[in-house]
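Please open the model in your viewer and keep the selection tool at hand. The tour below proceeds from one selection to the next.

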Amino acid sequence: MTSKRAPWRDYMGPRPTKDPAVTRDYMVPEDQRPPLPPRVVQAHSARRPGRSRASTPVPSTTAAFASAGDLGAAAIAPQSGAPAAPARPLIETAKRGLYYGYYLVVVAFIAQFVSAGSQNYVTGPFLKPMTTELDWTRSEYQLSRTIGQFVMAMIGLYVGGLVDRRGGRLLMQVGAVILGAALFAQSMVQTQWQWLIVNGLAVTTGAALIGNLVVNVTLSKWFVEKRGRVVGFSSMGVSFAGVFLVPAVAMLVEEVGWRSAWQVFSVGVFLLIFPVSFLMRRAPEDYGLHPDGKSAVEVARGAGRAAAADFASSMTRSQALRTPSFYLIVFAYGFGTLSIGVMLAQTIPYMTDNGYSAIFAANMIALTSIPSMLTKPLWGYMVDKIDARILSATGFMINAVAMVAIVFAVRSGSHPAVYGAYFLLGFGWGGLIPLQEVVWASFFGRRYLGAVRSAGLPFSLIVGASAPFVTALYFDRIGNYDGAFFAIAVLAVVATLLILIARKPMRPEAAAAAL
C-alpha cells in the first residue's frame, strides 16, 4: 500500500543508491530520474506553475553531444539542485559573445579580497594595539585564528556539498551579513573569551561562506580548459588585500584607534560583498551553457571533449577518500602553505622587534603581496600548459628558500636584502591558490568537486591551524621567531616531495576495466 507521502518522494527522485556515480551526498541527477507519475506532475504544476520537472526539456545540445560520440552527454545535462533563476538573461548574454563565467571571475576576485583580508591580512596591524591595551600575549591574540582554522574545517564539510547542489549565492549573502556584524562586534571586545568567540567563530564563519571554497569550486564548474587562468586572475583578490588593506588599515588604526578601525572596516566589507553576491550562479549546464563559453556548434564538433572527460572522470567524496593521492595532496598543501598564515600574522611584530617601524613592516606585507598578485595569472597560464604537480613543487621550494632568506636578511639589517627576500616569498605565494585549485579539479573532476574539496579541509586546516599559534608560542618562550621560520622552510621541502609522489587516481570502474 502506497503511503500518503509517496508522490512527494517520487517527485524528489528515487532513494540514493550504492552506485558509485550516485552517492548518499547528492540527489539523483536529472537525466537519471524515472518519469514522474501523471498525478504528481499535475499536482506539482498546480502548486508551482511553469516549473514542473517533467515539462522541462533537456537542452538540445545533449543530442549534439551524443551524436558526436563524445564522453558522456550527461556532462551537459541539467544537474540536480539547479537554481530556480530563469536562464534567459544568461543565454542571451552568451549569444552576444560575453560568457557569464567571466562575471563570476570578478565576483570571485572581490570575494577572496574580502575573505582573506578580514581573516588574515588585517590581523597584523591590530596585533600590537590590541595586545597592549587588553594586556594579552601574542599567543593569546593568535589563538583565535587557530580556533578559526578548526571552525573553517568543520564548516567546509557542509559548504562544499551545498555549492555542488545549490550554488553559492545564498551562502555568500548569509556570509556577508555574518561577517559584517562580527567585524563590527570586534570593536567592543573587552576580554579574551569574547575575542575567541567573535573572531575565531563568527568572523571565520562569515568568511568561509564567501571565501575561496565557494567561489573557486564554482569557477571550476564554469571553466575546464581555462581553469588555471581564471582561478589565477580571481585569486589576485587575495594578494590585493595585502597590497591595499594592510597599509590602509595600519594607517586607519594609527589615526582613529583600533576600535573605530574595526567599525569602519566592517561597514566597508558588507557594502562591498553583499551586492555582488546576487551575481553568483551554480553551473553553466543549469542555463543551457557549456564550460569555457563553448557554443553548441563547437561542442557538437568535439570542442568540449575536455569538459566532458573532466565530468565523466569525476570522483565522489567517498571514492576520493579511498585514494592515496587525496591525502598526499592534503598534506602537501597543508605543509606548503604554512608560511602564509604565519607571515601575515607575524611579519609586523617580527619586523618591529628587530628595530623596524610598523609602517615599514606593513609595507613588507604589501611588497610580498605585489609579486603574489601579479604572478598569479602567470602561474595560472603555466598550469594550463605544464603539470600542476611540477609547478606546485617549484612554488613550495621557492617558499622554503624565501623563509630562510628572510631570517638572514633581517639579521643583516640590509634593506635591499629584506626587500628581495620578501619579494621572493611573494613570488612563491603567487602560485599556491591557482595551482591547488587545478590540482584538486584535475585529479578528481568538477562534478563533485565541492564535496571532495570540503572533505580535504579538515585535514589540511588542522595541519595549518596550529602554525600561527605555535609560532607565537615559540616567541613567548624563546624570544625570537628564527627557529619557527626555519621549521616552516623544512616542512615546505617535505611538501615538495609529497606533491611529486601524488598521481591522478582512476575511478573504480575505469580501473577495473583496465585490468
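**A tour by selection**

Begin with helix 15 (305-312) and helix 22 (432-444), each of which supplies at least two residues of the lining of the second largest pocket. Helices here are DSSP runs of H or I with at least four residues, numbered from the N terminus. The model is a predicted one, in which local features need pLDDT of at least 70 and side-chain atom pairs count only at pLDDT 80 or more, while totals for chains, interfaces and linings use all residues. Residues are numbered from 1 along each chain as its sequence is written, and side-chain values use heavy atoms, with hydrogens and water left out.

Next, select Arg227, Asp310, Val438, Ser442 and Lys504, which lie nearest the centre of this pocket among its 15 lining residues. A pocket is an open set of points on a 1 Å grid over the protein atoms alone, with protein on both sides within 12 Å along at least five of seven lines; a cavity is a set where a 1.4 Å probe fits but cannot get out; lining residues have an atom within 4 Å of a point. The second largest pocket holds about 330 Å³ of space, a volume being the space filled by probe spheres set on the points, which are joined across faces, edges and corners.

Now display Asn120, Gln149, Asn212, Thr337 and Leu461, the residues nearest the centre of the largest cavity, which 41 residues line. The volume of the largest cavity is about 890 Å³. Select helix 23 (residues 449-478) as well, since this helix gives the most to that lining, with seven residues.

Move to arginine 259, located in helix 13 (residues 258-276). Which residue forms a salt bridge with arginine 259? The partner is glutamate 133, with the closest N and O atoms 3.4 Å apart; a salt bridge requires a side-chain nitrogen of Lys or Arg within 4 Å of a carboxyl oxygen of Asp or Glu. Because glutamate 133 lies in helix 6 (residues 123-134) and arginine 259 in helix 13, the pair ties together parts that are 126 residues apart in sequence. Add serine 187 to the selection: its backbone oxygen lies 2.7 Å from a polar atom of the arginine 259 side chain.

Finish at aspartate 387, which caps the N-terminal end of helix 20, with a side-chain oxygen 2.9 Å from the backbone nitrogen of arginine 389. At the other side, helix 20 is followed by glycine 413, whose phi is positive, near 75°.

Definitions and conventions
Polar contact = N/O pair within 3.5 Å; in protein donor to acceptor, adjacent residues only side chain to side chain.
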